[in-house]
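Student: I have a model open and would like to learn how to read its features one by one. Could you walk me through it?

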Amino acid sequence: MPPKKQARLLDFDIPFFLPVWRRVLVVVVPVLWAIFEFSTGALAWGLIFLGLGGIAGWKLYIADWDAVRAAAEAEDKE
């Protein structure tokens with residue numbers, strides 16, 4: 001049996017994110033929080049959360065969801 005993939009801090013290509021609504025939520029929540037921070041005048045925190053939303057969006061966009069789904073199905077069969 002091959003060893004399991006080691007989890008990383010910003011590892012978005014996992015079966016938890018297969019439903020599209022979870023991916024959207026992970027991007028939208030930090031962006032909305034950044035808007036809130038900008039509206040209260042906290043520019044630094046707004047930029048941090050906007051960056052986090054951008055990183056999450058990019059990592060979720062480039063993930064190979066067909067491979068993740070296939071790996072999850074293969075793991076379920078075992």
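Tutor: Happy to; we will go from the overall fold to single residues. Keep in mind that this is a predicted model.

Student: Where do I begin, and how many helices and strands does the protein have?

Tutor: Begin with the secondary structure elements and their order. Here there are three helices and zero strands, and the order from the N terminus is α-α-α.

Student: What share of the residues counts as buried?

Tutor: Buried means under 20% relative accessible area. By that cut-off, 21% of the 78 residues are buried. You can also ask how contacts spread along the chain: of those between residues at least 6 apart in sequence, 57% join residues at least 24 apart.

Student: How do I check the geometry of a helix, say the span of H1?

Tutor: Compare an expected span with the distance between the end C-alpha atoms. At 1.5 Å a residue, the 20 residues of H1 should cover 28 Å, and the end C-alpha atoms are 29 Å apart, so the two agree. Just after H1, look at Gly-41, which has a positive phi of about 95 degrees.

Student: Which residues of H1 are buried, and what do they pack against?

Tutor: Go through the helix residue by residue and note the accessibility. In H1, the buried residues are Arg-23, Pro-30, Ala-34 and Glu-37. The buried residues of H1 pack against H2 and H3.

Student: Which H1 residues are not buried?

Tutor: Two examples will do. Leu-32 lies in H1 and is exposed, because its relative accessible area is 52%. Val-28 is also placed in H1, and it counts as partly exposed because its value is 36%.

Student: What can C-alpha distances tell me about those two?

Tutor: They set separation in sequence beside separation in space. Leu-32 and Phe-49 are 17 residues apart along the chain, with 8.7 Å between their C-alpha atoms. For Val-28 and Gly-54, the sequence separation is 26 residues and the C-alpha separation is 9.6 Å.

Student: Arg-23 caught my eye. What is the nearest side chain of opposite charge, and how far away is it?

Tutor: For a buried charged residue, look for a partner of opposite charge, then for other polar atoms. Arg-23 is buried and has no salt bridge; Asp-66 is the nearest oppositely charged side chain, at 8.6 Å. A salt bridge requires the nitrogen and the carboxyl oxygen to be within 4 Å. A polar atom of the Arg-23 side chain does lie 2.5 Å from the backbone oxygen of Leu-18. Leaving aside residues up to four places away in sequence, Arg-23 touches Phe-17, Leu-18, Leu-60 and Trp-65.

Student: Which residue forms a salt bridge with Asp-66?

Tutor: Its partner is Arg-69, with the closest N and O atoms 3.6 Å apart. The structure holds one salt bridge. Asp-66 and Arg-69 are three residues apart in helix H3, so about one helical turn separates them. Asp-66 is exposed because its relative accessibility is 57%, while Arg-69 is partly exposed because its value is 35%.

Student: How do I find the nonpolar core, and which residues make up the largest one?

Tutor: Look for buried nonpolar residues whose side chains are linked to one another. The largest core here has eight residues: Phe-12, Phe-17, Leu-18, Ala-56, Leu-60, Ala-63, Trp-65 and Val-68. Helices H2 (43-62) and H3 (65-77) each contribute at least two residues to this core.

Student: What does Trp-65 touch?

Tutor: Not counting residues up to four places away in sequence, Trp-65 is in contact with Phe-12, Asp-13, Ile-14, Phe-17, Leu-18, Arg-23 and Leu-60.

Student: Ile-14 is on that list; where is it found?

Tutor: Ile-14 is in the segment before H1. At 29% relative accessibility, it counts as partly exposed. Beyond four places in sequence, Ile-14 touches Trp-65 and Val-68. Ile-14 and Val-68 are 54 residues apart in sequence, yet 6.3 Å apart from C-alpha to C-alpha.

Terms used:
Residues are numbered from 1 along each chain as its sequence is written. This is a predicted model: local features need pLDDT of at least 70, side-chain atom pairs count only at pLDDT 80 or more; totals for chains, interfaces and linings use all residues. Side-chain values use heavy atoms; hydrogens and water are left out. Buried means under 20% relative accessible area, exposed over 50%, partly exposed in between (1.4 Å probe, protein chains only). Lys and Arg count as positive and Asp and Glu as negative; His and the chain ends are not counted. A polar contact is a pair of N or O atoms within 3.5 Å; within protein, one must be able to donate a hydrogen and the other to accept it, and residues adjacent in sequence count only if both atoms are side-chain atoms. Contact means heavy atoms within 4.5 Å. A nonpolar core is a set of buried Ala, Val, Leu, Ile, Met, Phe, Trp, Tyr and Cys residues joined through side-chain atoms within 4.5 Å. Helices (H or I, at least four residues) and strands (E, at least two) are DSSP runs, numbered from the N terminus. The expected span of a helix is 1.5 Å times one less than its number of residues.
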